[in-house]
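Subject: Handover of a structure and its findings

Dear colleague,

Please find below the structure that I am passing on to you. My notes on what was found in it follow directly after.

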Amino acid sequence: MTKVTILGAGNGGMTLAAHLGHEGHEVRLFEFPQYADFAALREQGGVRISGVEKQGLGKVAVATSDIGEAVRGAEIILNPVPAYAFETFARAAAPHLEDGQIVVAMGKGGGSLTWAQTLRQCGVKKNVTLGETNTLLHGCRKLGPAEVTVFGVIQENVIAAFPGKHTDRVRAAMKALFPSRDFRRGPNLFESVLLDFNSITHTGPMICNAARIDSGYHKDEFHLFGRDENPPAVCNVIEAIDRERMALSRALGIEAVGLEVEHTRNKYNPGHAGDQVLPMYESMHTEKLEKVPGPYTLKARHLTEDVPYGLVTWASLGRMLGVPTPASEAIITLASILNKEDYWALGRTVEKMGIDPKWSKDRLLKYLEEGA
């Protein structure tokens, strides 16, 4: 049994609480008081989970809005939240962290750099190991204040740490919690940052379908991954952004394959036979993805998170490495105009991640590995 603290009680946090409680771990769940709704959870003693992986009640030992109570004595702390929330949770947890604890940011890659930068600003001197995954472990949804359902399981995640020399420790801890998952160690932390398919498959279609989304016309019939919403021309935008991601990956010594290859090989195309790779248009259009409804607003996380904490990060890295990212930059600019936000200013640049854009590639890679 491991003492696990989960910071954040959204879809991902509640599902992790249910999963780990179901497995017999001691789970402590924290949420800020303005968002906490723990009455039903406390009454039934945990979170009910259903769906493709587990059924039943996952016990939660503590559900609290006192972050000190949640963090105290934990062996591993999981932070499954949108990228824009990593800093808020890190700043709140900073005074309560203890030597030997492991903190894993889960969602978009780069969370461990945000945690490191925030703890540095807070003057934290504790010996805390920081890690991250490139995405959540479940495709999930809250059905109520203490009930979740899992409609998909992510079997392989990229695991990373900052500094990278601690990755094996983080990987071992996560493997102990989730023995059925494969946590793949990449060559450096930026594989986690760049293996972010949401920033590719969400942003282009959102911009190209902006008029339909904003008007609300036939709202209930809109599906972001539908065939009508993603004709070949829109898939060309997706492909252009993906090729920029691949170029950034190669510049950092990371092996990268196209999104269509990933889609062809994985569970989105379970009936696909052989090794022949589907073209981007065909790989995007699968029965599973086409059924996902919405979103119905341009203020959805498909732009508000995936642009400033996905594409802005990539474009900033591209400027540092001399890798052009014109498609990503065009989407950033259009999203900023549509939502009347300056995503360039709000977004997560390399500077905000504690990286000097004047560093050479070798200096960057040494920093990612050594942390000095």
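I begin with helix H5, which lies across strand S1 (3-7), strand S6 (76-80), strand S7 (102-106), S8 and S11, and runs at about 150° to S8. Please bear in mind throughout that this is a predicted model.

The strands just named belong to an open sheet of eight strands with mixed pairing, in the order S5-S2-S1-S6-S7-S8-S11-S12. Its edges are formed by strand S5 (62-64) and strand S12 (182-185), each of which pairs on one side only. From one strand to the next, the twist averages 25°. Within this sheet, S8 and strand S11 (residues 156-162) run antiparallel and are joined by four bridges. Leu 130 has Phe 162 as its bridge partner in S11.

Leu 130 also appears in the description of a pocket. The second largest pocket holds about 350 Å³ of space. It is lined by 15 residues, and those closest to its centre are Ala 116, Leu 119, Val 124, Lys 126 and Leu 130. Helix H5 (111-121) and strand S8 (129-133) each supply at least two residues of this lining, and H5 gives the most, with three. By character, the lining divides into seven nonpolar, five polar and three charged residues.

There is also an open sheet of four strands, again with mixed pairing, in the order S4-S3-S10-S9. Strand S4 (56-59) and strand S9 (138-144) are the edge strands, each pairing on one side only. Direction ignored, neighbouring strands of this sheet are turned by 35° against each other on average. Helix H1 (residues 11-22) packs on the sheet and touches S3, S4, S9 and strand S10 (147-153), while its direction makes about 95° with that of S9. Strand S3 (residues 46-51) pairs with S4 in the antiparallel sense over four bridges; Arg 48 has Leu 57 as its bridge partner in S4.

Finally, I draw your attention to one loop residue. Ala 256 is found in the loop between helix H11 (232-251) and helix H12 (259-265). Is Ala 256 buried or exposed? Ala 256 is buried, because its relative accessible area is 19% and the cut-off for buried is under 20%. Leaving aside residues up to four places away in sequence, Ala 256 touches Arg 245, Met 246 and Ser 249. Ala 256 and Ala 40 are 216 residues apart in sequence and 45 Å apart in space, C-alpha to C-alpha.

Yours sincerely

Methods
Residues are numbered from 1 along each chain as its sequence is written. This is a predicted model: local features need pLDDT of at least 70, side-chain atom pairs count only at pLDDT 80 or more; totals for chains, interfaces and linings use all residues. Side-chain values use heavy atoms; hydrogens and water are left out. On a 1 Å grid over the protein atoms alone, a cavity is a set of points where a 1.4 Å probe fits but cannot get out, and a pocket is an open set with protein on both sides within 12 Å along at least five of seven lines; lining residues have an atom within 4 Å of a point. Grid points are joined across faces, edges and corners, and a volume is the space filled by probe spheres set on the points. Ala, Val, Leu, Ile, Met, Phe, Trp, Tyr, Cys and Pro count as nonpolar, Asp, Glu, Lys and Arg as charged, and the others, Gly among them, as polar. Two strands pair if DSSP finds at least two bridges between them. Axes are lines fitted to C-alpha atoms, for helices over the stretch in contact, and angles run from 0 to 180 degrees between N-to-C directions. Contact means heavy atoms within 4.5 Å. Buried means under 20% relative accessible area, exposed over 50%, partly exposed in between (1.4 Å probe, protein chains only).
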